[in-house]
Structure formats: structure tokens, C-alpha cells
Amino acid sequence: MLQQRTITNPQPKPAPLVSTSATVYCPICTHTVPAEVLSRGRQTWVRPDQKCPRCSASLAPGKVLALNRAA
Ligand SMILES: [Zn+2]
């Protein structure tokens, strides 16, 4: 009798790239500001073409603090 094995997915699908709004820390003016971020799987980064609404610096080096998930 043949034994059927459960095939573990050898190549998991890449997580989709999602754009969401989040709270981002601006290192230039040291404030937290709302911004658009991109996330894929567990990785999250600030969309690079954005500027801080307070100091107009690029938010690309900013740190994503919290995602604003829709309830
Ligand atoms: Zn700023």
C-alpha cells in the first residue's frame, strides 16, 4: 500500500505588498507623524516618496512605530 505524504510547500508564495497608513517617527524633527507605509509579510517600511508634514524632510529614514489597521 502506498503511503501518501503531505507535501510541505517548498516555495511559499511571497506575501503581497500592502500599502497602509501608519504612525512614523521622523528623526529630523523627532515627532511622530502619520504616513503611508508599505508592508510585505513582516517587513514594513516607509514609502520613500513622502515628506514629513512638520519639517518637510524625507520620511524615508523614518521608523514605523505602529500600523493603523482598519478596525
Ligand atoms: Zn519631521
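Two residues count as being in contact here when their C-beta atoms, placed from the backbone, lie within 7 Å. With that in hand, here are some close-up views of this predicted model.

**View A. Val 46 and its contacts.** Leaving aside neighbours within four places in sequence, Val 46 touches Val 24, Ala 35, Val 37, Leu 59, Ala 60, Gly 62 and Val 64, in the sense of contact just given. Several of these names come back in View B.

**View B. The largest nonpolar core.** Seven residues might look scattered in the sequence, but this core of 7 residues brings together Ala 22, Val 24, Cys 26, Ala 35, Val 37, Val 46 and Leu 59. Two elements, β1 and β2 (31-40), each give two or more residues to this core. The most comes from β1, with 3 residues.

**View C. The open sheet.** Follow the 4 strands across in the order β3-β2-β1-β4, and you will find antiparallel pairing. At the edges are β3 (43-46) and β4 (63-67), each pairing on one side only. On average, neighbouring strands of this sheet are turned by 45 degrees against each other, direction ignored.

**View D. Where β1 meets β4.** Strand β1 (residues 17-26) pairs with β4 in the antiparallel sense over 4 bridges. Look for Thr 23, whose bridge partner in β4 is Ala 66.

**View E. Pro 53 in its loop.** Pro 53 sits in the loop between β3 and β4. Pro 53 has 13 other C-beta atoms within 10 Å, so this residue is partly exposed. Pro 27 is 26 residues away along the chain, and 13 Å separate the C-alpha atoms of Pro 53 and Pro 27.

Terms used. Residues are numbered from 1 along each chain as its sequence is written. This is a predicted model: local features need pLDDT of at least 70, side-chain atom pairs count only at pLDDT 80 or more; totals for chains, interfaces and linings use all residues. Two strands pair if DSSP finds at least two bridges between them. Axes are lines fitted to C-alpha atoms, for helices over the stretch in contact, and angles run from 0 to 180 degrees between N-to-C directions. A nonpolar core is a set of buried Ala, Val, Leu, Ile, Met, Phe, Trp, Tyr and Cys residues joined through C-beta atoms within 7 Å. A residue is buried if 20 or more other C-beta atoms lie within 10 Å of its own, exposed if 12 or fewer, and partly exposed in between; C-beta atoms are placed from the backbone.
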